[in-house]
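Here is a short report for a reader who is new to this structure. It takes up a few strands, a helix and the cysteines in turn.

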Amino acid sequence: MLDRLFRSQGPNVDLHCHSVVSDGTLAPTDLVERAHRNGVHVLALTDHDEVSGLADAQARAAEIGLRFVPGVEVSVTWGGETIHIVGLRIDYRDPGLIAGLERTRTGRDGRAHEIAASLAGAGIPDAYEGALKYAGNPELISRSHFARYIVETGTCETVDEVFRRFLVEGKPGFVPHRWAKLPDAVGWIRAAGGVAVMAHPGRYRLSDLCMDEMLREFVDAGGQAIEVVSGSHTPEQYGEYAAVAQRFGLAASRGSDFHGPGESRHDLGSLPPLPKSLTPVWHDWPEAAAPERR
């Protein structure tokens, strides 16, 4: 049945999701199994600034017959804004990539203590210890982990509410951090044999002029694709970023940005397909080729 759907509609590709290794809630193997149950044909695990979950995910995908693409999501600072660059089909053992990601992770713990101190001033004590309970990897403690703890305290009902009230710029728990530079992140991905993708551009608080400047820098650095159909985009933004992809000559990617059941807008593999006018980033990948007829 899935092979027939694959041939008639193209592969169900999800190239952006997170496990407990960064700020997701599922183990890498559980994430792979959920994607398989949901009818995903090709999956990329793209944890934030970390690749240590990829070997387990890849091995489990091979066992159950899910085509797997090793990935990562690199945190970048550009124009005072945090930008994310997804790397797909990377060699996750590449020394340059590993060293770059390690440098990017440096400082997260100090930032986490600053967030906790700010939250204590806002009436939420012990937030660092509380967030740490939700962090599968203490090196990657993030705002999402703080948000889950604050929901646990009953201060807010949902993770989204926590972000709105406490963890975005201008709110008590927001602490900025300087990440990698955009050309460096793209360079690490390309040197590791990967494809660099601009993640969920609709999330960034950039003017049209700044967005164009950032994308020109991204392309000049070797960026090759942009997320068009994303779990972080509204349906209206699909069309908007389809036009951006065409204007900059970028391939298009599709990804749920799934973090966990009940927490994400879209489940794995549940997004609509890319507009047919676009070139999918996976158009020439062997992982996305139709199964041979028997």
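## Strands, a helix and two cysteines

In this predicted model, Leu43 stands opposite Phe68 in strand S3. That pair belongs to a wider match: S2 (residues 42-45) and S3 run parallel and share four bridges.

S3 also pairs with S4. Here the two strands run antiparallel, joined by eight bridges. Trp78 has Glu81 in S4 as its bridge partner. The hairpin of S3 and S4 has two residues between the strands, and Gly79 takes a positive phi near 60° there.

How much of S3 is covered? Of its 12 residues, 11 are buried. In a regular strand, side chains alternate between the two faces of the sheet.

The pairings of S3 are set out below.

| Partner of S3 | Sense | Bridges |
|---|---|---|
| S2 (residues 42-45) | parallel | four bridges |
| S4 (residues 81-88) | antiparallel | eight bridges |

Now to helix H7, which spans residues 143-153. Its buried residues include Ser144, His145, Phe146 and Ala147. Arg148, Tyr149 and Ile150 are buried too. What covers them? Helices H5 (108-121), H6 (127-132) and H8 (159-167) are among the elements that do so. Just after H7, Gly154 takes a positive phi of about 90°.

Last, the cysteines. Cys17 has a relative accessible area of 0%, so this residue is buried. Cys156 counts as buried because its relative accessibility is 3%, and the cut-off is under 20%. The disulfide count for the model is zero.

Notes. Residues are numbered from 1 along each chain as its sequence is written. This is a predicted model: local features need pLDDT of at least 70, side-chain atom pairs count only at pLDDT 80 or more; totals for chains, interfaces and linings use all residues. Side-chain values use heavy atoms; hydrogens and water are left out. Buried means under 20% relative accessible area, exposed over 50%, partly exposed in between (1.4 Å probe, protein chains only). Two strands pair if DSSP finds at least two bridges between them. Contact means heavy atoms within 4.5 Å. A disulfide is a pair of cysteine sulfur atoms within 2.5 Å.
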